[in-house]
Amino acid sequence: MLHGTAQNPSDRDIVNFNFNVSSIASDEPLSCPPHSYTTHILSHEPLIIYIENFLSADESAHLLKISEDKFEASTVSTGTETSVQKDIRFSEVAVIDRDDVVRCIEHRARAFQGWNPDLHIERLRTQRYAVGGHYKHHYDWSGASRVADRVSTFMVYVDAECEGGGTNFPRIRMPDVKEGRWCELLECHEVAGNENRGPKLGVTFKPITGNAVFWHNLAANGRGYEETYHAGLPILSGHKVGLNIWSWGSRRMG
Ligand SMILES: O=C(O)CCC(=O)C(=O)O
Ligand SMILES: [Fe+2]
């Protein structure tokens, strides 16, 4: 069991956590339809990879359908108390059933990370934001246990019909955006005459339906990356539905 304080506020059910209970998706064999996606490395340390077409249109539609009657107000937790605090997190969360479509998405997330036998996928959740919805800056790793933690995150955009609502990492440097396609995927606020001032700190991923951002939460020595501090920025118009895929693994303290 893991004991301690979850910094990620949503995770009351993870605090008393056991790898053999239902919060972790098992990895029974199944046959999944072929699927391909495109990856772009944004950062090596911490590893951050942008994934285009992580979900097919059919998978996104299916996730929305099975989530619809399960959404509940998102909560935050201080370790001992769990409550709705809309100034910190204003959204709804649905813990979704593990049908075959969902299990194929779990399977894709495991395969992406190299089929590591020590890696366990937490039950998938969708998260819905309406206008004004947001999630203030936080870490997905908890640091509460020396044994295990959320080693990685996929933030998947299931339905992103919105202005605003980007996923913001204030401590990550902007890549060089003069060439390539980064400005399709990231907010690029070019200031005229600013070309020589070097890379800007702070990256915001645009929410684009079907795409995902993947990152490592822990360094090789078990330290939680402070650079993974991130937020779901407020929705200015429209709505956003995300999918959280968190992988648990052992935390080796160096
Ligand atoms: O909605 C987002 O862009 C980020 C959500 C998030 O960070 C989380 O659910 O842990
Ligand atoms: Fe997060």
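## Strands 13 and 14

Start with Phe169, which sits across from Val203 in strand 14. The two strands here are strand 13, covering residues 167-173, and strand 14; they run antiparallel and are joined by four bridges. Keep in mind as you look around that this is a predicted model.

Both strands belong to an open sheet of five strands, whose order is 7-11-16-13-14, with antiparallel pairing. Strand 7 (89-90) and strand 14 (201-205) are at the edges with a single partner strand each, so one side of each has no neighbour in the sheet. If sheets are new to you, the general idea is that their strands pair through backbone hydrogen bonds, in a parallel or antiparallel way.

## Strand 17 and its partners

Next, find strand 17, residues 235-250, which pairs with strand 9 (residues 120-122) in the antiparallel sense over two bridges. One spot to look at is His120, whose bridge partner in strand 17 is Trp248.

Strand 10, made of residues 125-129, also pairs with strand 17, again antiparallel, this time over five bridges. Here Thr126 has Leu243 of strand 17 as its bridge partner. Then there's strand 12 (residues 148-164), which pairs with strand 17 in the antiparallel sense over 15 bridges. Within that pairing, Asp159 is matched with Val241 of strand 17.

## The nonpolar core

The largest nonpolar core holds 36 residues, and the ones with the most contacts inside it are Phe154, Val156, Val158, Ala212, Val213, Leu243 and Ile245. Several elements give two or more residues to this core, among them strand 3 (47-52), helix 3, strand 15 (212-216) and strand 17. Strand 12 is the top contributor, giving eight residues.

What does Phe154 touch, leaving aside residues up to four places away in sequence? Its contacts are Ala109, Ala212, Phe214 and Ile245.

## Helix 2 and its two sides

Helix 2 spans residues 57-67, and its buried residues are Glu59, Ser60, Leu63 and Ser67. Looking down the helix axis, you'd see these buried residues fall within an arc of 100°, so they line one face of helix 2. A bit of background helps: an α-helix has 3.6 residues a turn, so residues three or four places apart point the same way.

Turn to the other side of helix 2 and you'll find Ala57, Asp58 and Lys65, which are exposed. As for the buried residues of helix 2, their cover includes strand 8 (92-95), helix 3 (100-112), strand 10, strand 12 and strand 17.

## Around ligand 1

Which residues surround ligand 1? They are Gln127, Tyr135, Asp140, Met155, Thr167, His230, Gly232, Gly242 and Asn244. By type, this shell around ligand 1 splits into two nonpolar residues, six polar and one charged. Strand 16 (230-232) and strand 17 each provide at least two residues of the shell.

## Out in a loop

Finally, take a look at Pro34, in the loop between strand 1 (24-25) and strand 2 (38-44). Is Pro34 buried or exposed? Pro34 is exposed, because just 4 other C-beta atoms lie within 10 Å, and a residue counts as exposed with 12 or fewer.

You can also use Pro34 to get your bearings along the chain: Lys206 is 172 residues away from Pro34 in the chain, and their C-alpha atoms are separated by 26 Å.

How values were computed:
Residues numbered from 1 in each chain as written. Chains lettered and ligands numbered in written order. Predicted model: local features only at pLDDT ≥ 70, side-chain atom pairs only at ≥ 80, totals over all residues. Buried ≥ 20, exposed ≤ 12 C-beta atoms within 10 Å, placed from the backbone. Pairing = 2+ DSSP bridges. Arc of directions from axis to C-beta. Contact = placed C-beta atoms within 7 Å. Near = placed C-beta within 6 Å. Nonpolar A, V, L, I, M, F, W, Y, C, P; charged D, E, K, R; others polar. Core = buried A, V, L, I, M, F, W, Y, C linked by C-beta atoms within 7 Å.
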